[in-house]
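Q: Hi, have you got a minute to go through this one with me? I'd like to start with the ligand site.

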Amino acid sequence: MRTTVKKDDCIGCGMCAELCPEVFEIGADGYSDAVGNPDVCPDKVQEAAEVCPTNAIEVQR
Ligand code: SF4
């Protein structure tokens, strides 16, 4: 599984990092980055992609 955050679309709301801190982290720029291994918690990564208000999270299985 791979996941990326489209920086141009992220608004830095923090929901993904709250839901799945193993993978998503709000960086110094105030926007999310996918820094962890999504295979650790694929269901939570999928959920984060679904709840992201701007659909900024891409998931490839
Ligand atoms: S949930 Fe979406 S908009 Fe919010 S911080 Fe994460 S990637 Fe950005």
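Q: Which residues come nearest to the ligand?
A: Keep in mind that this is a predicted model. There are 14 residues around the ligand, and Cys 10, Cys 13, Cys 16, Ser 32 and Cys 52 come nearest.

Q: And how does that shell divide into nonpolar, polar and charged?
A: The shell has 10 nonpolar residues and 4 polar ones, with no charged residues.

Q: Back to Cys 10 for a second: what does it touch, leaving out residues up to four places away in sequence?
A: Cys 10 is in contact with Val 5, Tyr 31, Ser 32, Thr 54 and Ala 56.

Q: Nice. Which residues make up the largest nonpolar core?
A: That core has 12 residues, and Cys 10 is one of them. Also included are Cys 16 and Cys 52, along with Val 5, Phe 24 and Ile 57. In soluble globular proteins, nonpolar side chains tend to be buried together.

Q: New topic: where is Asn 55?
A: Asn 55 is in the loop between helix H2 (42-51) and strand S4 (57-60). Its phi is near 55 degrees, a positive value in a residue other than glycine.

Q: Is Asn 55 buried or exposed, and why?
A: Asn 55 is exposed, because just 10 other C-beta atoms lie within 10 Å, and the cut-off for exposed is 12 or fewer.

Q: What about Gln 60, buried or exposed?
A: Gln 60 sits in strand S4. Gln 60 is exposed, with 8 other C-beta atoms within 10 Å.

Q: How far apart are Gln 60 and Thr 3?
A: They are 57 residues apart in sequence, but their C-alpha atoms are 6.2 Å apart in space.

Definitions and conventions. Residues numbered from 1 in each chain as written. Predicted model: local features only at pLDDT ≥ 70, side-chain atom pairs only at ≥ 80, totals over all residues. Near = placed C-beta within 6 Å. Nonpolar A, V, L, I, M, F, W, Y, C, P; charged D, E, K, R; others polar. Helix = DSSP H or I, 4+ residues; strand = E, 2+ residues; numbered from the N terminus. Buried ≥ 20, exposed ≤ 12 C-beta atoms within 10 Å, placed from the backbone. Core = buried A, V, L, I, M, F, W, Y, C linked by C-beta atoms within 7 Å. Contact = placed C-beta atoms within 7 Å.
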